[in-house]
Amino acid sequence: MADTIKLALDDVFELAKTALTGQGFSEEQASAIARTISRAERDGCESHGLFRVPFYVKATKHPATNATARPVLSELATSVVRVDAGCGFCPLALETGLPVLADKARSNGIAALAINNAYNIAALWPEVEALAEQGLVSLAFTAANAFVAPAGGIKPIYGTNPMAFGWPRSGKPPMVFDQASSASARGEIQLHLRDGKPLPEGWAIDADGNPTTDPEAALAGAQLTYGGYKGAAIALMVELLAGALIGDLFSYQSSERDSVKSGAPFGGEFIIAINPETCASAGSSEGRVNTNPLAHAEELFGAVLSQDGTRLPGERRIKARERTAVDGITIPASLHQQITEFAG
Ligand code: NDP
């Protein structure tokens, strides 16, 4: 058998969806997850593509998981909306909440969405990109499981805690960054383990606190934040926004809840959307260089890109999108077999 299998992008959605419905996910939950996985494969984000299907399936082993949950939306205030994912998965909760968040941000200038009780195994760029494509500046935060040691410590407390930011651009894809507050995403360490590759230095320590490049020792020890105490401050902020602020779990509480050791983070996601037109029209224009935020931003992007060796965050994904539309994607044959077996 060949080591890898080539798939057309159109096949990714069906493959993921059929596997998940075969494992008891509702059509709605499975379709929303499969759309998220397809976007990741389309954009060359392997660690959030089909590779994640077994993680979604493993999360259903927890007795409280509801793979047929219907998210429930409620308005908490004029500008604040909540979606209770009902112990289901984040993609469907996002599809439920984002349109309402966008409407509220457009009419009120700024709005926030709290997602609670969700398994979040995905990247955050799809939600900020979707909002930025509608002309909204957007921020998203989620905690994870206890994977990362605090600055100076050796025991994991924080999650890999990503934050993502989206900025609309006229006639171009939005500028989007999405980054873990750890030196690497957890999925990258799992991919290194799968592929038998050593980790770059500075990603992790072993259980005794010694620096390690061994993926297995890293998974048993702790990941490190990027930039030492500065990344740790971001990780702390993400815990507070996606945990304490919206009444949901911290990463270490998600780990304590994970009785089946699924590794699937459970808890909240917090998203803010801002209408740039509202902000630009606020207050006095005296001394302001440009009251059109998007045009002003293009000056900055131009200044950055005028230097050799630079690029804007998100450009790698946009390029990958062009490539995968033509070439499709390649996945390990063993993963393809595992996913096909899930479908029964
Ligand atoms: P990376 O370090 O690969 O990239 C972080 C950001 O930096 C990206 O937006 C990337 O853009 C940008 N970037 C990379 N290189 C450059 C460059 N030379 N110039 C300008 N911008 C650059 O991501 P992470 O490993 O930190 O995170 C990976 C993913 O894992 C994220 O999508 C995150 O949401 C997800 N994650 C999810 C978790 C969960 O619990 N749900 C937990 C932790 C992480 P580009 O894409 O164009 O390369």
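Student: How many of the residues of β11 are buried, and is the strand enclosed by or open to the rest of the structure?

Tutor: This is a predicted model. In it, nine of the nine residues of β11 are buried, so the strand is largely enclosed by the rest of the structure.

Student: In which order do the strands of the sheet lie?

Tutor: The order is β2-β3-β4-β11-β5-β6-β7, an open sheet of seven strands with mixed pairing. Its edges are β2 (72–77) and β7 (175–179), each of which pairs on one side only. On average, and with direction ignored, neighbouring strands are turned by 15 degrees against each other.

Student: Which helix packs on this sheet, and which strands does the helix touch?

Tutor: Helix α4 (residues 90–108) does so, touching β2, β3 (80–89), β4 and β11. The direction of α4 makes about 170 degrees with that of β4.

Student: How should the side chains of a strand be read with respect to the sheet?

Tutor: In a regular strand, side chains alternate between the two faces of the sheet. For the present sheet, the pairing can be followed through individual bridge partners. β4 and β11 are antiparallel and pair over eight bridges; Tyr119 has Phe266 of β11 as its bridge partner. β5 and β11 also run antiparallel, joined by six bridges, and Leu139 is partnered by Ile272 in β11.

Student: How many bridges join β5 to β6, and in what sense do the two strands run?

Tutor: Strand β5 (residues 137–142) and strand β6 (residues 163–167) are antiparallel and are joined by four bridges. Here Phe141 has Met163 of β6 as its bridge partner.

Student: How is the packing of two helices described, and what angle do α1 and α2 make?

Tutor: Two packed helices are described by the angle between their axes and by the distance between those axes. Helix α1 (residues 9–22) packs against helix α2 (residues 27–42) at about 145 degrees, the axes being 8 Å apart. The crossing of α1 and α2 is right-handed. Residues of α1 in the contact include Leu9, Val12, Phe13 and Leu20, while those of α2 include Ala30, Ile33, Arg35 and Glu41. By class, the contact holds nine nonpolar, three polar and five charged residues.

Student: How is a pair of aromatic rings described, and how many such pairs does the whole structure have?

Tutor: A ring pair is described by the distance of the centres and the angle of the planes. The search of the whole structure finds eight aromatic pairs. For Phe250 and Tyr252, the ring centres are 6.1 Å apart and the planes lie at 25 degrees, so this pair is stacked. Phe250 is partly exposed at 22% relative accessibility, and Tyr252 is partly exposed at 35%.

Student: Which residues do ring pairs link into a cluster?

Tutor: The cluster consists of Phe25, Tyr56, Phe89, Tyr119 and Phe266. Two of these names have already appeared in the sheet: Tyr119 and Phe266 are bridge partners.

Student: Where is Asn117, and what is notable about its phi?

Tutor: Asn117 lies in strand β4 (residues 110–119). Its phi is near 55 degrees, a positive value in a residue other than glycine. Asn117 is partly exposed, with a relative accessible area of 24%.

Student: Where is Lys261 found, and is that residue buried or exposed?

Tutor: Lys261 belongs to the loop between α9 (251–257) and β11 (266–274). Lys261 is exposed, at 63% relative accessibility. Although not a glycine, Lys261 has a positive phi of about 55 degrees.

Note on methods
Residues numbered from 1 in each chain as written. Predicted model: local features only at pLDDT ≥ 70, side-chain atom pairs only at ≥ 80, totals over all residues. Heavy atoms only, no water. Axes fitted to C-alpha atoms, helices over the stretch in contact; angles between N-to-C directions. Left-handed = near helix turned anticlockwise from the far one by under 90°. Contact = heavy atoms within 4.5 Å. Nonpolar A, V, L, I, M, F, W, Y, C, P; charged D, E, K, R; others polar. Buried < 20%, exposed > 50% of the residue type's maximum accessible area, 1.4 Å probe, protein only. Pairing = 2+ DSSP bridges. Phe/Tyr/Trp six-rings, centres within 6.5 Å; stacked < 30°, edge-to-face > 60°.
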